[in-house]
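Reader: I've got a fresh model to look at and a few minutes to spare. Take me through it, please.

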Amino acid sequence: MNLSYRIYHVFFRNLMSYKRFILTTFLVSLVQPLFYLITFGVGMGAYMGAFGGKPYLYFLVPGVLISSVMMSSTFECLYGTFVKIVHEHLYDSLIATPVSAEDAVAGDIAWASFRGLVSGILMLAVAGLMGILPVSVLSVLVLLLVMLAVGIMFASLGMIVTSKAPNFDFFSYYTELVITPMLFFSGVFFPLSNFPGWMKTLSQFLPLTHAVAISRAAFSGEYPPSILLNIAVVVGLGALAFVVGIRMMKKRLIK
Amino acid sequence: MSTIVSARGLTKKYGDFTAVDGIDFEIQEGECFGFLGPNGAGKTTTVRMIHCVSPVTAGTLTVDGSAAGVDNRALKKKTGVIPQEITLDIDLTVYENLLVFARFFDIPKREAKARIAELLKFVELETRRDSKIDQLSTGMKRRLLVARALLNKPRIIIADEPTTGLDPQARHLIWQRLRQLKAQGVTLILTTQYMEEAQQLCDRLVVMHQGKILKAGDPRGLIESEIGKDVVEIRMPPDRDEELLARLGPLACGHERVGDTLYFYCRDGIGLWKALVDLDLPNTVHRPATLEDVFLKLTGRSLIE
C-alpha cells in the first residue's frame, strides 16, 4: 500500500469541485430519508403505538440515519468515481503526479465517507427538529464516529464494484440486488426479533444490520453485549474492503 | 551532454500482446527526442513507462539516474506530462485546475499562485482565468494542458501527440512554446504522427512500428540515407511503367509504384527532372524529400488500424 498524506490533496480537489453541486446534493440527501420518516414514522407510527416504551420514530431514526450514510457513500464511489475514471480521465492525470493510485482511491473513499457523514448530520438535524434526539451529547459524538466508519465501509465496498464495472448499467446489479434489499432485511424499519429464523440468519450477514445496531445503541445510550460483534463486523469488514478496494482499483488504473 | 533516459531491451506486454518489443534507446539531457510511428506502434506505451504510470514488463529503464517504476514519486515530481487526451478537470475553472494540480506536487500556495499567473501568460490564457473548461476551444484546452505540465518546473517534459486536432495557429503556438522550453534546457520527449511536427522540433528521433524501433537518427540524416534529396511523383496508370523505368530508372536511386502514382527517389533530382520535361507528361511533381517519405517507406503504405 503506497499511501501518503496526499490523500488530502485528492479530498481537497473533490471539495473544490463540490461547491458547484452543494445545494442539489444537500437537498437530495435530505429528501429521501425525509420520505421514510414521514411515511413510515409519522404515518405508520400512528398505528404502531409504543416501541419498547417510546414512539416508533425513536426506533426508525437511527436506522434511516445510517442508511442515508450508506446510500451517499455508496453512490459517490459508484457513479462519482466511475465518471472520474472513464469520462473525465481525472485518475489518469492524478497518477502522473506524485499522487499514487492508492492515494487517489483512498482520497475518493475519504471524500465519499465525508459525503455520507454530511447526509447523516442533515438527517440528525431534521430528526432533532421533529423532537427525536439522541440521549446525550456523548451519544451524538459516538454517532458521528459510527457514521464515519460506516461511510468508509460502504465507500470501500462501492470501490470494489467500481473496479470491475464496464459501464453504468453494471451498478444496477449492486444497487438493486444488494443495497436496496439490504434496507429491508437489516432492521431499519422493523425489529429483527419479529423476523422468521432464516431471515434472522440472513440479516446477520448484511453489514447494514450491524451498522444499524450500533447506531441504535448509540442513539439510546444503551449498549447490549452483542454490540461488540457489531463493532467488530463494521471495523473488520471496513478495513478489509478498504484494502481490497484500493488493490482492485489499482489493478484497473495501472496497466 | 549527459544521458537522462536510457532503455535496454525495454518490453511491455498486455497478456499475450506485445506492445513494446525489446527496444533500446538513449535520450540526452536538453535535447528533443521524438518517437514516430503509426497508431499502435507502441509510442504512447513507451512514454507511459518513462513517466512511471505503466510498469515495465522486462528490460531496464533508467530515468535521471533511477529506475522507472509506478511508485517512483521522485521521478514524477521532475516530469511534466502533456497527455494525448484532454484530461482537464471539467468541474473546475482554468485557475482552479492549475491550483489543484499544484497541490498534487506539494507546491506551497503562495508560490503556486505566482507560478499560475506566469504560466497563464506563457500560454496566452490570462483572460480565461475564470472560464470553465467547456467554454474553452480545443486549442485553449491544449494550451492549458501545457501550462499544467509546467507547474512543477519539470526537467523532463513528455508531450504525447500534443497538437492532435489543432488548427495551424494553435499548433504553431504550441511548437513555439515547446522550443522555448527546450532553449531553457528542458529535455523534451515527443510522440507524434505528424512528420512536420517531428521535423520542426526533434533533434533526434526513432521510427517505431509494431513495438520495434525500425530506424534511429536525426531528421535530415534519416531523410538523406533513406530517401535522398528529391522526390519525383508521376501520377498515371501503370501501363507505361516499363518504358518510364527504362528511361528514368538509371537517373534515380530508387522507385516505388503505389496506386496511381510512380515515385522516384533521387540524390539529385535535376537530371531526372530534365528527362521528365522532355517526356512532357501531365501530372508530375518534383519536390524535396521529407520525413513523411521516410516514414511511409519504413512503415509501409497500407492502412494501419
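Reader: Let's start with a loop. Between which two elements of chain B is B:N283 found?

Author: Quick ground rules: this is a predicted model, where local features need pLDDT of at least 70, side-chain atom pairs count only at pLDDT 80 or more, and totals for chains, interfaces and linings use all residues. Residues are numbered from 1 along each chain as its sequence is written, chains are lettered from A and ligands numbered from 1 in the order in which they are written, and side-chain values use heavy atoms, leaving out hydrogens and water. Helices (H or I, at least four residues) and strands (E, at least two) are DSSP runs, numbered from the N terminus. On that basis, the chain B loop that holds B:N283 sits between α10 (270–279) and β14 (284–288).

Reader: And is B:N283 buried or exposed?

Author: Here buried means under 20% relative accessible area, exposed over 50%, and partly exposed in between (1.4 Å probe, protein chains only). B:N283 has 56% relative accessibility, so the label is exposed.

Reader: What is the phi of B:N283 near?

Author: Most residues other than glycine have a negative phi. B:N283 goes the other way, with a positive phi near 55°.

Reader: B:E161 has a positive phi too. What is the relative accessibility of B:E161?

Author: B:E161 is in the loop between β7 (156–160) and α6 (168–183) of chain B, and its phi is near 50°. B:E161 counts as buried because its relative accessibility is 7%.

Reader: On to salt bridges. Which residue does B:E233 form a salt bridge with?

Author: A salt bridge is a side-chain nitrogen of Lys or Arg within 4 Å of a carboxyl oxygen of Asp or Glu. B:E233 is the acid here, with the closest N and O atoms 2.8 Å apart, and the partner is B:R287.

Reader: How many residues apart in sequence are the parts that this pair ties together?

Author: B:E233 itself is buried, at 9% relative accessibility. B:E233 lies in strand β11 (residues 230–235) of chain B and B:R287 in strand β14, so the separation in sequence is 54 residues.

Reader: B:R287 forms a salt bridge with B:D293 as well. How far apart are the closest N and O atoms?

Author: B:D293 is one of the buried residues of helix α11 (residues 291–299) of chain B, alongside B:L291, B:V294, B:F295 and B:T299. Its relative accessibility is 4%. Between B:R287 and B:D293 the closest N and O atoms are apart by 2.9 Å.

Reader: Which residue follows α11(B)?

Author: Look for a positive phi, near 85°. The residue with it is B:G300.

Reader: Which residues of chain B are linked in a network of salt bridges?

Author: Over all chains, the salt bridges come to 29. The network links B:E29, B:D64, B:K78 and B:R155.

Reader: Now chain A. Where do A:K84 and A:D108 lie?

Author: Their side chains meet in a salt bridge, 2.9 Å from N to O. The pair ties together parts 24 residues apart in sequence, because A:K84 lies in helix α3 (residues 56–87) and A:D108 in helix α5 (residues 101–129).

Reader: Are A:K84 and A:D108 buried or exposed?

Author: The two carry one label between them. A:K84 and A:D108 are each buried.

Reader: Which residues does A:S215 touch?

Author: A:S215 is in helix α9 of chain A and is buried, at 0% relative accessibility. Contact means heavy atoms within 4.5 Å. Leaving out residues up to four places away in sequence, A:S215 touches A:P62, A:L65, A:I66, A:L143 and A:V146.

Reader: How far apart in space are A:L206 and A:M182?

Author: A:L206 lies in the loop between α8 (197–204) and α9 (207–220) of chain A, and is buried at 16% relative accessible area. Beyond its neighbours within four places in sequence, A:L206 is in contact with A:M182, A:F185 and A:S186. A:L206 and A:M182 are 24 residues apart in sequence, and their C-alpha to C-alpha distance is 6.8 Å.

Reader: Last one, back to the whole of chain B. What percentage of its residues count as buried?

Author: Chain B has 11 helices and 14 strands, and its C-alpha trace spans about 75 × 45 × 35 Å along the principal axes. Of its 305 residues, the buried share is 52%.
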